[in-house]
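User: I should like to go through this structure in a series of questions, with the reasoning set out for each answer. Please begin once the structure is displayed.

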Amino acid sequence: MNSSTQELSSTPTGSSPGAILSNEEIDASCRVPVLIFFASAAIWFLISAILGLIVSIKLHSPNFLANCAWLTYGRIRPVQMDSLLYGFAAQAAFGVTLWLFCRLGRTRMTYHALPILGAIFWNIGVKVGCLGILAGDSTGFEWLEFPRYASPILFIGYLLIGIWAVLMFHARNKRQLFPTQWYLLAALFWFAWIYSAANLLLVFAPVRGVVQLCVDAWFTSNLLNVWLSLIGVGTIFYFIPKLTHRPLHSYYLAFGAFWGIALFGGWGNLNVNAPLPSWIPALSNIATVMMILPLTCIALNLCQTLPGNSAETKSDSILGFIHFGARLFLVAQLLNVLLALRPLNDFFYFTYFSTAQIHFTVLGFFASVMFGAIYYIAPRLLGMESLPAKSVRRHFLIFVGGILIFGLALLLGGIFQGIALRHSQKTFAAVTKTTLPFLHFSTIGSLLIVIAGLIFIFNLFLLGVRCGRAWREIKKSEARL
């Protein structure tokens, strides 16, 4: 059995034929909670994109909005990343995870109030956290900048969502597990572990000295390279076979990739020049290099699963989003491996190269996969087949263009910046001037990402309007009868 046919199999193990649910019944049962997550994710993505544009402008025009303390670079930058990670990425992941658990488990969603209440708490937590950072109440730890009064609200929301998702997974009708379910279930537990542990050790009962550096690096590595990777790769392993009507090539490769990410993904992000005993960064870099193993498993699996020609990918924008995200995942992780090598790390230290790598992971890989998944799921939740192909295609082209312009500009800017930093006679101001053309191009990319965010919200709004019209027509027909 494979991912492209797993929803169409006959009787689920351990259930009677009468327990089989149609896709329409399953989608109708999880419509409201999943759409709430998708709508919230779309709004937070646009907010993050606008803040990212402001950050990009400030890099080459420092006086832009400099008179407002709330909009200084030191506050806007963490809000931009936190709104992207917790506002968009997390909520898109919640919606996709809940829908996939229902579909793959062939089960109906029940007790809708629990995930809806979780979504309310989560959005309140993100909003309070972002406002706290803008007001100058940041903790100062990367991706944990939310003040201590915001993170408990966020965690309560996560518990409501996560516990309910695990209970629904346990109550599934189809008992056989597929690779996508391994990845998503592990991700649910992973976030609860790393977020609670990092907040405890850094915010509520902080450890001292350089141990804080280790804990923060451990958290960021797990969030970026494990949690996002498990959700994104698990989603890819469902949708590529589903959209290409081809079986997933190997469950064994998917199994190997799963354990490779879990074992090696969470120990990176410690710079070789960190003020720590040398064996700690050395082990961290070894773990990062070992990520080559799960990357190889994923690449082989996808290459053998995808059709030989790219005509289908070019004609289907939803598949294009998923395919582009899969490629960017491999590229971003390979860049991360390169940054773990000491000669290259010394060269790219204090450059924009690592910034490009992070955005390739969060935006190029994860956001692209989530966009494709949402464009597939949302119409079916509303009883429709799909959005107009032109609308999705327009979003795909603008978004991909923005990511490539933004990322490649910072990658090239980082290379020239590293070369300039090798010259001891050059002042840092002179080095900064060499990067200005690349920063201007990155601003163009950021502007395209904002436009892509607007198109995304418009497409979801258009979908709601079309669904409303269809429902009114149905009601009129029923009234005539």
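Analyst: Helices, of at least four residues, and strands, of at least two, are taken here as DSSP runs and are numbered from the N terminus. The model under discussion is predicted.

User: How many helices and how many strands does the protein chain have?

Analyst: The DSSP runs are counted separately for helices and for strands. For the protein chain the secondary structure comes to 17 helices and zero strands.

User: What is the radius of gyration of the protein chain, and what does the globule rule give?

Analyst: The globule rule gives 23 Å for 481 residues, and the value for the chain is close to this, so the chain is as compact as a globular protein of that length. Along its principal axes, the C-alpha trace spans about 85 × 50 × 45 Å. The radius of gyration of the protein chain is 23 Å, against 23 Å from the globule rule.

User: Among contacts between residues at least 6 apart in sequence, what percentage join residues at least 24 apart?

Analyst: Burial gives the setting: 56% of the 481 residues count as buried. Among the contacts between residues at least 6 apart in sequence, the share that joins residues at least 24 apart is 84%.

User: In which helix is confidence lowest, and in which is it highest?

Analyst: The mean pLDDT of the chain is 89, and 92% of its residues reach 70 or more. Confidence falls to a mean of 60 over residues 311-315 and rises to 96 over residues 113-134. The lowest is therefore helix α11 and the highest helix α4.

User: Over which residues does pLDDT stay under 50, and how many contacts beyond four places in sequence does the model have for them?

Analyst: Where pLDDT is low, the predicted coordinates should not be read in detail. A stretch with pLDDT below 50 covers residues 8-18, with twelve contacts in the model beyond near neighbours in sequence. The other stretch, with pLDDT under 50, is residues 1-6, for which the model has 25 contacts beyond four places in sequence.

User: Which residues touch the most other members of the largest nonpolar core?

Analyst: This core has 148 residues. I377, one of its members, touches V34, F38, V96, W99 and F239, not counting residues up to four places away in sequence. A second, separate core has five residues, including L270, A274, L276 and I280. In the largest core, the residues that touch the most other members are Y86, F88, W99, F219 and I377.

User: What span should helix α12 have, and how far apart are its end C-alpha atoms?

Analyst: Helix α12 covers residues 317-340, and 19 of its 24 residues are buried. D316 caps its N-terminal end, with a side-chain oxygen 3.1 Å from the backbone nitrogen of I318. At 1.5 Å a residue, the helix should span 34 Å, which agrees with the distance between its end C-alpha atoms, 34 Å.

User: Which helices are included in what covers the buried residues of α5?

Analyst: Helix α5 has 20 residues and reaches 28 Å from its first C-alpha to its last, close to the 28 Å expected. Its buried residues include L154, Y158, W164 and F169. The cover over the buried residues includes α2, α3, α4 and α6.

User: Is T435 buried or exposed?

Analyst: T435 lies in the loop between α16 and α17. Its side chain reaches the backbone oxygen of T432 at 2.6 Å, and, leaving aside neighbours within four places in sequence, T435 is in contact with Y352, G413 and Q417. Buried means under 20% relative accessible area. The relative accessible area of T435 is 0%, so T435 is buried.

User: How far apart in space are S61 and L436?

Analyst: S61 is in the loop between α2 and α3 and is partly exposed, with a relative accessible area of 29%. S61 and L436 are 375 residues apart in sequence, while their C-alpha to C-alpha distance is 9.6 Å.

User: What is the relative accessible area of H245, and what is that of R106?

Analyst: Most residues other than glycine have a negative phi. R106, in the loop between α3 and α4, has a positive phi near 50°, and H245, in the loop between α7 and α8, has a positive phi of about 55°. H245 is exposed, at 65%, whereas R106 counts as buried, at 6%.

Key. Residues are numbered from 1 along each chain as its sequence is written. This is a predicted model: local features need pLDDT of at least 70, side-chain atom pairs count only at pLDDT 80 or more; totals for chains, interfaces and linings use all residues. Side-chain values use heavy atoms; hydrogens and water are left out. A nonpolar core is a set of buried Ala, Val, Leu, Ile, Met, Phe, Trp, Tyr and Cys residues joined through side-chain atoms within 4.5 Å. Buried means under 20% relative accessible area, exposed over 50%, partly exposed in between (1.4 Å probe, protein chains only). Contact means heavy atoms within 4.5 Å. The expected span of a helix is 1.5 Å times one less than its number of residues. A polar contact is a pair of N or O atoms within 3.5 Å; within protein, one must be able to donate a hydrogen and the other to accept it, and residues adjacent in sequence count only if both atoms are side-chain atoms. pLDDT is the predictor's confidence in each residue, from 0 to 100. The radius of gyration is taken over C-alpha atoms; the globule rule is 2.2 Å times the number of residues to the power 0.38.
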